[in-house]
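Subject: Handover of a structure for your review

Dear colleague,

Please find below the structure that I am passing on to you. A summary of what was found in it follows.

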Amino acid sequence: MQKKIVYADDFVKDRMHAAFGIQAAIDHARSIQADEIRFGEGTYQLDEWRTIETYSIAHDDGCGDIHVKDVHLLLEGMDGIALKGSCLEDGSPGTILAGSNSLIPDTLLPSILWVTGSRNITIRNLAFIRNPETASSGRIVSVHGSVVTVEVFEGLPCNDGMGAYCMNRFDLSDRSLQGASLTFGFGFDRRFRKTGERILTLEDDNLAAILRVGDGVSWHQTGKTDFQLFFGDCENIRMDNVRIFNSNSFAILTEHCRNIRANRLVLKPRKGQLFTGSRDGWKIYRCSGKIILDECHFEGVRMDGQNVHSNFMVVETILYSRSMLCSCKYAPIPLEAGSEMEFHDGTRIVQNRIESWRIIGRNPVVHVRRDSETAGAVVPGASNYITMYEVSFEDEFEAFVSKGTLMTPLCWEPEAYICRNTVFKNIAGAGQLLRCKDVLIEGCSYENMLNAGILMGAELDTHSEGGHAINIVIKGCRFDNCGFKPRYGRFGGACIAIKSQGFNDPHNRNVVIEGNLFRNSSIAVEVRDASDVIIRSNSYEEIIERYVIDSATTSDIRISDC
């Protein structure tokens with residue numbers, strides 16, 4: 001059967017104002033059940049948007065009660081559609097979708113693509129960017145008193161009043177990330193002043209004490225939680241030969257999706273820029289099925305290159321022997337009747353099958369951090385919301401189940417996460433943040449990581465993120481200059497780190513770290529809150545401590561390196 005192809009240029013009258021035309025092509029493709037929407041070579045500028053109702057923007061501490069989102073392109077309820085661009089001679093994407101940028105500091109921007117309730121979705125040969133870009137980079141040319149002066153690199157944004165969020169410092173001789181981030185996504189409201197053609201100045205005592213003439217710096221106009229590409233409640237997503245040059249926040253969010261495959265997905269700044277985005281590269285959130293990455297590239301993002309996690313549910317009230325009220329942080333995500341729920345009794349896990357469930361509301365809440373030393377920072381002056389669920393189960397609860405018991409819905413957990421031949425570079429966080437089970441990482445490289453190259457384990461106090469790392473294999477990978485700042489106060493600063501924040505027992509288990517190369521780092525492997533860990537046949541060059549093992553929270557750690 002011949003493919004049904006919709007050509008975007010048949011609907012786009014002016015590529016400088018292309019959003020509504022592309023949306024018309026999407027709507028037409030849905031009406032005729034087309035197989036493909038094809039784009040021509042070149043840039044499509046998106047400066048029109050619609051506002052949709054969604055709670056999926058509320059994903060972080062301090063997001064508050066957000067339930068609307070501006071989006072340039074909306075794709076919903078489709079099955080078997082491919083968005084396909086052109087290729088350049090070198091094989092890279094030749095089609096660019098350029099999202100708008102209001103140039104307003106510390107604000108949300110329209111998502112470029114928002115996909116919901118769809119199956120068998122392919123994104124191929126497409127690149128994404130903000131125009132103008134929301135990031136810039138330059139070289140420190142003077143530091144006088146509290147005033148820092150930056151010469152902005154040719155062709156990059158140089159705007160009076162530009163935000164200075166998520167700033168990072170670089171050695172320009174090799175463009176390597178240096179030290180901890182200088183500013184973050186909140187709490188820094190100073191603005192650049194334009195004092196010359198490509199000259200910006202910024203007054204701040206703390207920055208002036210750290211920066212030196214000749215340093216490279218990058219910065220962003222905003223650090224708010226936002227999502228440039230969003231996929232929610234989708235099944236069978238494929239991203240093939242996709243490039244992201246610049247993102248105003250999280251580059252990609254896949255939320256409550258099943259079966260995701262990415263080949264040659266590249267998040268990397270264009271020539272001249274030092275950084276891609278002010279927040280994580282790709283967040284895989286409460287997703288299930290198989291997650292497979294091959295030959296991908298994550299560079300220049302903060303916090304993490306990729307993070308994979310769900311959230312713990314918490315028992316609030318036992319209604320009767322098989323029914324309860326429970327809570328969960330952030331966005332209201334569906335459960336699945338017939339799927340298993342894990343109940344945590346210390347390190348013991350008990351399963352019970354969900355019979356029925358419903359969301360009964362959302363409540364504002366003030367979360368108490370039990371371990372303030374290792375927990376993430378509080379966002380000042382902002383509220384958080386929890387989603388309340390009523391859930392009934394097939395079997396009666398065991399005696400330990402009571403108010404405060406932690407639970408993990410397996411319908412929010414991957415069946416397998418596989419990452420091969422992928423690059424993580426200049427990440428102002430962790431390369432991969434893995435709070436999940438059944439993981440294979442093979443043949444990947446991690447270079448210039450602020451935190452660990454691979455950080456495994458749950459996080460309880462700030463975001464209540466699960467789960468623990470169970471059944472993990474990491475082999476044939478290369479780690480270079482990783483972990484120069486711990487993630488959790490004193491913990492999480494190694495090439496590979498296992499630590500469940502807020503816990504002090506061996507919840508993480510069955511981990512194999514084999515045949516890897518560790519270079520130019522303080523610590524190669526840090527193990528806490530874990531049991532049944534095998535470390536063997538690894539190589540070490542210029543490593544101060546090969547292993548940091550917390551004997552109080554670990555057991556059965558077997559090391560047989562050459």
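Is Tyr 320 buried, partly exposed or exposed? With a relative accessible area of 45%, Tyr 320 is partly exposed, since the intermediate class runs between the 20% limit for buried residues and the 50% limit for exposed ones. Please note that the model is a predicted one, and that the values in this message were computed from it.

Surroundings of Tyr 320

Tyr 320 belongs to strand S25, which covers residues 313-320. Once its neighbours within four places in sequence are set aside, Tyr 320 is in contact with Ser 392 and Phe 397. Tyr 320 and Ser 392 are 72 residues apart in sequence, while their C-alpha atoms are 9.2 Å apart in space.

Aromatic pairs

Phe 397, one of the two contacts of Tyr 320 just named, also takes part in an aromatic pair, and I have set out the related pairs together. The count of aromatic pairs in the model comes to 16. One of them is formed by Phe 343 and Phe 393, in an edge-to-face arrangement with 5.3 Å from centre to centre and 65° between the planes. This pair links distant parts of the chain, as Phe 343 is in strand S27 (residues 340-345) and Phe 393 in strand S29 (residues 384-393), 50 residues apart. Phe 343 has a relative accessibility of 2% and therefore counts as buried. Phe 393, at 0%, likewise counts as buried. Phe 393 forms a further edge-to-face pair with Phe 397, at 5.5 Å centre to centre and 70° between the planes. Both Phe 393 and Phe 397 are buried.

Elsewhere, one aromatic cluster is made up of Phe 298, Phe 424, Tyr 446, Phe 479, Phe 518, Tyr 540 and Tyr 547.

The chain as a whole

The secondary structure of the protein chain amounts to two helices and 45 strands. The radius of gyration is 23 Å, close to the 24 Å that the globule rule gives for 562 residues, so the chain is as compact as a globular protein of that length. Along the principal axes, the C-alpha atoms fill a box of roughly 70 × 60 × 45 Å. Of the 562 residues, 59% are buried. Among contacts with a separation of 6 or more, 72% are between residues 24 or more positions apart. The exposed area of the protein chain is about 20900 Å², of which carbon and sulfur atoms supply 47%.

A seven-stranded sheet

Strands of a sheet pair through backbone hydrogen bonds, either parallel or antiparallel. In this model, seven strands form an open sheet with antiparallel pairing, in the order S13-S12-S16-S10-S11-S15-S14. Strand S13 (176-178) and strand S14 (193-196) are the edge strands, each of which pairs on one side only. From one strand to the next, the twist averages 40°. At the S13 edge, three bridges join S13 to the antiparallel strand S12 (residues 165-171). Asp 171 has Ser 176 in S13 as its bridge partner.

Backbone features to inspect

Two cis peptide bonds are listed here. One joins Asn 131 and Pro 132, with omega at about 0°. Pro 132 is placed in the loop between strand S9 (119-130) and strand S10 (135-144). The other joins Arg 302 and Met 303, with omega at about 20°. Met 303 lies in the loop that connects strand S23 (297-301) with strand S24 (306-311).

Positive phi values are also found in residues other than glycine. Phi of Glu 295 is near 55°, and this residue is located in the loop between strand S22 (288-294) and S23. With 48% relative accessibility, Glu 295 counts as partly exposed. Glu 542 is not a glycine either, yet has a positive phi of about 55°. Glu 542 is part of strand S44 (residues 539-549). The relative accessible area of Glu 542 is 65%, so this residue is exposed.

Kind regards

Conventions
Residues are numbered from 1 along each chain as its sequence is written. This is a predicted model: local features need pLDDT of at least 70, side-chain atom pairs count only at pLDDT 80 or more; totals for chains, interfaces and linings use all residues. Side-chain values use heavy atoms; hydrogens and water are left out. Two strands pair if DSSP finds at least two bridges between them. Helices (H or I, at least four residues) and strands (E, at least two) are DSSP runs, numbered from the N terminus. Axes are lines fitted to C-alpha atoms, for helices over the stretch in contact, and angles run from 0 to 180 degrees between N-to-C directions. The radius of gyration is taken over C-alpha atoms; the globule rule is 2.2 Å times the number of residues to the power 0.38. Buried means under 20% relative accessible area, exposed over 50%, partly exposed in between (1.4 Å probe, protein chains only). Contact means heavy atoms within 4.5 Å. Accessible areas come from the Shrake-Rupley method with a 1.4 Å probe; for residues, only the protein chains shown count as cover. Rings of Phe, Tyr and Trp (its six-membered ring) pair if their centres lie within 6.5 Å; planes under 30 degrees apart count as stacked, over 60 as edge-to-face and the rest as tilted.
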